Amino acid sequence: MMLRNFTSLALAGACALAIGASSAQADNPVELRLAHWVPPTHPIQVHGMTQWAESISEASGGTITVTLYPAQQLGQANDHYDMARDGIADIAFVNPGYQPGRFPIIAAGELPFLVTNAKGGSAAIDAWYREYAEQEMSDVKFCLMHLHSPGTFHSREQIRVPADISGMNVRPAHATMAAFISELGGQNFQVSAPESRDALERGVADAITFPWNSIILFGIDAAVNYHLDMPFYATTFAWVMNQASYDNMSESQRQVMDDHCTTEWAERVATGWADEEDAGREKLLSMEGHEGYEPTDEEVALWREAAEPMRERWAAGVRDAGHDPDAVMSGLASELEARDSAY
C-alpha cells in the first residue's frame with residue numbers, strides 16, 4: 001500500500017514538473033523582427049501590421065513581441081524573401097513580383113483584368129495559394145498572401161490606349177507589368193516603390209503603374225499629372241517567416257502564429273489599405289493639375305487584347321514548374337467568384 005502511494009505521488013510530481021516545464025517554455029519571451037520596405041506611415045503598417053502584431057502579443061499573453069522595421073531598414077525591398085529565409089528578419093513583407101520567374105504560380109495575381117477589389121480578392125488569393133505555397137515557398141514558413149487595390153498607369157503624358165506606351169520609360173509594379181510594357185514597346189525602369197518618385201521627378205521615367213493613394217503617399221503626385229481611370233492590375237504580397245524562428249517557439253506560441261496566418265487575417269490586413277487606396281482615386285483626381293481618363297469600351301477591349309500574351313506567358317511558367325495552368329487558374333477564378341472580386 002505504501003509503495004502504491006509512493007508511486008502515485010511520484011507520478012503526480014513528475015506530471016507537475018512536466019506541466020511546469022511546459023508552462024515555463026510557453027512563457028519564454030520571443031521577439032520577432034518584421035521587416036518591410038514601405039514608409040511607417042503606409043496603411044499596410046498603420047492598419048495592418050500594427051493590429052496584427054498587437055493581436056499576437058495579446059493572444060500570447062505578452063510572450064511574443066513583433067517589432068516592425070519599415071522603410072528597408074533591414075535590407076532592400078527585393079531581398080525581403082531571402083532575408084526571412086536567412087534569418088536576417090524573422091518575418092518579411094514580400095512582393096514576389098520583384099524577382100521575375102522565381103514564383104510562377106503566385107504571379108497569377110499580377111495578371112491584368114483579374115480582380116476588382118482587394119478585400120475579397122485578398123481572401124480569395126490567400127485561400128487559393130495555400131495549396132501551392134508549401135512547394136513554391138518551401139524554404140520559409142508561409143503566413144498569408146494578399147493584394148492591394150487595383151492599380152493603373154499614372155504618367156507625365158496622357159495614356160489612353162496600349163499604343164501610347166510605345167517609347168515610354170515606365171516603372172513597372174512587378175515582373176508581369178514589366179513584360180507587358182516591353183510587349184507594348186515601352187522601356188522598363190526598375191526601381192523599388194520608395195525610389196519611384198525620384199525617377200519620375202528626374203524625368204528618367206515617364207510613367208508608373210501604382211494604386212491610387214500610393215501616388216500621394218509616396219509624393220509621386222508632384223511628378224505625374226495623368227491617370228488611366230480603370231482597375232487594371234493588382235500586386236501580390238506575401239508575409240513569410242523564418243522557419244527556425246517558428247520552430248524554436250513553444251507549441252502554444254506556434255499556435256498563436258498559426259491563428260494569425262489565416263485567410264481571415266489576409267483579408268483583415270488588406271482592408272485598411274484597400275479603403276485608403278480606393279479613397280485616393282477621388283482625392284487624386286480632385287487635385288489641381290490632375291486629369292483622369294476613363295477608356296471607352298472599345299479602348300478597354302484593346303487593353304484586354306494587348307494583355308492576353310501575359311496570360312500565355314504565365315501559363316508557360318506554371319507548366320514549366322510542373323503544374324496544369326488551366327487547373328491552377330480555374331481554382332483562383334472560383335475563389336474570386338465566390339468572394340465577388342472577379343473582374
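**Sheet and salt bridges in a predicted model**

Visitor: Which residue stands opposite Ala-35 in E3?

Guide: The model is predicted, with local features needing pLDDT of at least 70 and side-chain atom pairs 80 or more, while totals for chains, interfaces and linings use all residues. Numbering starts from 1 along each chain as its sequence is written, and side-chain values use heavy atoms, without hydrogens or water. Strands E1 (30-35) and E3 (91-94) run parallel, joined by 2 bridges. Opposite Ala-35 in E3 stands Ala-92.

Visitor: Which are the edge strands?

Guide: The open sheet has 5 strands (E runs in DSSP, at least two residues, numbered from the N terminus) with mixed pairing (at least two DSSP bridges). Their order is E2-E1-E3-E10-E4. An edge strand pairs on one side only, which holds for E2 (64-69) and E4 (141-147).

Visitor: How many residues apart are Asp-258 and Lys-141?

Guide: Asp-258 and Lys-141 form a salt bridge (Lys or Arg side-chain nitrogen within 4 Å of an Asp or Glu carboxyl oxygen), closest N and O 3.6 Å apart. Asp-258 sits in helix H9 (251-259; an H or I run of at least four residues). Lys-141 lies in strand E4, and the pair links distant parts of the chain, 117 residues apart.

Visitor: Is Asp-86 buried, partly exposed or exposed?

Guide: Asp-86 forms a salt bridge with Arg-85, at 2.8 Å between the closest N and O atoms. Buried is under 20% relative accessible area and exposed over 50%, partly exposed in between (1.4 Å probe, protein chains only). At 47%, Asp-86 is therefore partly exposed.

Visitor: Which residues form one network with Asp-86?

Guide: The count of salt bridges comes to 12. Some share partners, joining Asp-86 with Asp-82, Arg-85 and Arg-102.
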